[in-house]
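Q: Could we go through this model together, taking its features one at a time and asking how each should be read?

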Amino acid sequence: MTIRPIQNTDLIRSSRFRAEREDGWKKLETLLSWAERSGVAALRYEQVHELASLYRQAMNSLSVARSISMDKALLAYLEALCARAYLVVYAPQEGIRGAVRRLFSEGIPRAVRRSSLPLLIGFLAMVLGAVVGYVLYFQDPGWYFTFVPPEMSDGRAPGASTEYLRATLFDDGGRNKETLGVFASFLFSHNTGIAIFIFALGIFVTLPSFVLTFYNGLLLGAFFALYAEAGLATELFGWLSIHGVTELSAICIACAGGAQLGLAVLLPGNHTRRQALRIAGHDAVKLIILAGLMLIVAAIIEGFLRQLVQDTSVRLAIGWGVGGLWLLWLVFAGRYQNKSGETKTPDYEAQA
Amino acid sequence: MKNRAENILPPEGVPISFEIASGGSRFGAQFLDILITFGGLLLLFLGLIWAGLIAPSMLATLFFLLIFFIRVPYYIFSELVWNGRTLGKRIVKIRVISADGGRLTPHQITARNLMKEVEVFMPATTLMSGTLESGWFGLALGGWMVAVLLVPLFNKKRLRLGDMIAGTLVVDNPKAILLPDLAVRKSKQETTFVFDASHLDIYGRYELQTLEEILREPPKSPQAVTRVSEVARTIQRKINYVDQVLPTDYWDFLSEFYRQQREFLESRQLFGDARESKYHSKNK
């Protein structure tokens, strides 16, 4: 913007200020309405260049106008113009693809390595639940009916014959390949809903997440005890492992994400609770994305492979093999060192 | 509800203010989004079933995937692509901004929308399915859901829990309209009204800007003309302007007074004497 000198000395100072700069503002407004309609990508190089410099000049004008002008209309206009320009200039610059790549190559593994306490809480909830469920079952099988809702047990209850229980583990349920896809997509949709739910509840001081995960553990423990009593422990272990290593870990990780939020509310340290939530949110969100991803994989395994693979040792190998791959990724990805040997911290994390 | 402004400090260091979106427009945008996503899904499936091109099992797979997608992921993707606006927000003209003055990051968008699951979807589905359990537990659950829904109404910036975690604000889209400068004389003629320092010493910024609002709308009806003449007579009396002003000249009188008063106040301000209102001399 070139400031057009105004000859008319009849104008008062703030009117002269406005008359000299008005053309630049109008030009900025035109550029803005283009950018708002079809994105900054639609502008030419010179136009973007001009937009940036006009934005800074409008900001400058606003700052000056606030101290020299009493024209309310002008101040309101400049304020709104700058706000519009700010939203265009400071729009997210990173494409979705770049953000996703960075998230997987370093964001998630680092977040996992940073959140050992919440992860401990998450896995502890599940393991404790399982142990309690298992022990209680052997004290009194009646507990089974307390833990497992009847629509879920589907005949798999204390007193069922060993043959029936075995059949539930090695039967494809009469599903052909077409319905397997439906089953997998249903599992994914359903489980991810639960995981997000467990996560989001964590904000209420961790407790609901812990209780839900603990309950999941109880179910698991009681279920395991039922089969163990029938002498089918190894077979059930294989049946559960093939997808459960991934799926149950995902639930624990979702719980850990929730626990992270809950801990921030419970123990905010030197921050206010709102600040603490905001800081904890960075890692917590990455944990829940990880949980979602793992649930997709688990649903595919559960929907297809569990029905197609009937051999217990192969089931064990697939389940724990996939689990090992997750662990490898989470432990080793995103650890790179610069020449001086220090671990490099990218700028965005320093800002966070 | 009364509108509230919130100052944001961009990297340029000049604070700019945004109007916090009202509770009504937040609710409207959310409602529209739900209507668009679920309605769209319904129409799509009616169309697909009618066309009969896809096998039922494929249809079911697609249904489960889409029903998941139109919950949290839809909001994340649309806010990422349109810089803080979903379709519903675009219609009611509100948007999400980052409260720290920087750009809106993918993390913030993801965080604020994940919390939607407990804040919006869970209460909504529970209420709609009507499976709210009876007894104390159901009552407590219902009360808790209502409390979560009401969080935005009980804080100054109308933040929901997701906004608190992500550090975001929902604001009205700014609208920039440049009105003409009233201090520019339309005709070149010499002014007939001259005000001296004693006349201009009375009022402050507040009165000046109120006069500006009056001058923005030239009177059209007889009642409006009477109001303008009342204003002119009051000002004339208050500032002790002794010369005769003809009723036909009241509008010119006010315009000219505005111009000279503004020039006077602005130059006082440059000398460090900011006069907020007509009580400026009493505060000293």
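Q: Which domains does the domain assignment of chain B give, and how far apart do their C-alpha centres lie?
A: In this predicted model, chain B is assigned domain 1, covering 4–172, and domain 2, covering 179–284, and the C-alpha centres of these two domains of chain B lie 49 Å apart.

Q: What does the domain assignment of chain A give?
A: For chain A, the assignment places domain 1 at 13–89 and domain 2 at 97–332, with 53 Å separating the centres of these domains when taken over C-alpha atoms.

Q: How should I read the span of helix α11 of chain A?
A: The general idea is to set the span against that of a straight helix: 34 residues at 1.5 Å a residue would span 50 Å, whereas α11 of chain A (residues 233–266) spans only 40 Å between its end C-alpha atoms. Look then at A:Gly244, on which a kink of about 60 degrees in α11(A) is centred.

Q: Is α11(A) mostly covered or mostly uncovered?
A: Mostly covered, since 28 of the 34 residues of α11(A) are buried.

Q: How many residues does each chain bring to the contact, and which element of chain B supplies the largest share?
A: The size of an interface is often given as the accessible area lost when the parts come together. Here the description is by residues, with 55 from chain B and 54 from chain A. On the side of chain B that touches chain A, the largest share, 7 residues, comes from α2(B), and the residues of that side divide into 33 nonpolar, 10 polar and 12 charged.

Note on methods:
Residues numbered from 1 in each chain as written. Chains lettered and ligands numbered in written order. Predicted model: local features only at pLDDT ≥ 70, side-chain atom pairs only at ≥ 80, totals over all residues. Helix = DSSP H or I, 4+ residues; strand = E, 2+ residues; numbered from the N terminus. Expected span 1.5 Å × (residues − 1). Bend = angle between axes of the 7 residues up to and from the residue. Buried ≥ 20, exposed ≤ 12 C-beta atoms within 10 Å, placed from the backbone. Domains from an automatic or database assignment. Contact = placed C-beta atoms within 7 Å. Nonpolar A, V, L, I, M, F, W, Y, C, P; charged D, E, K, R; others polar.
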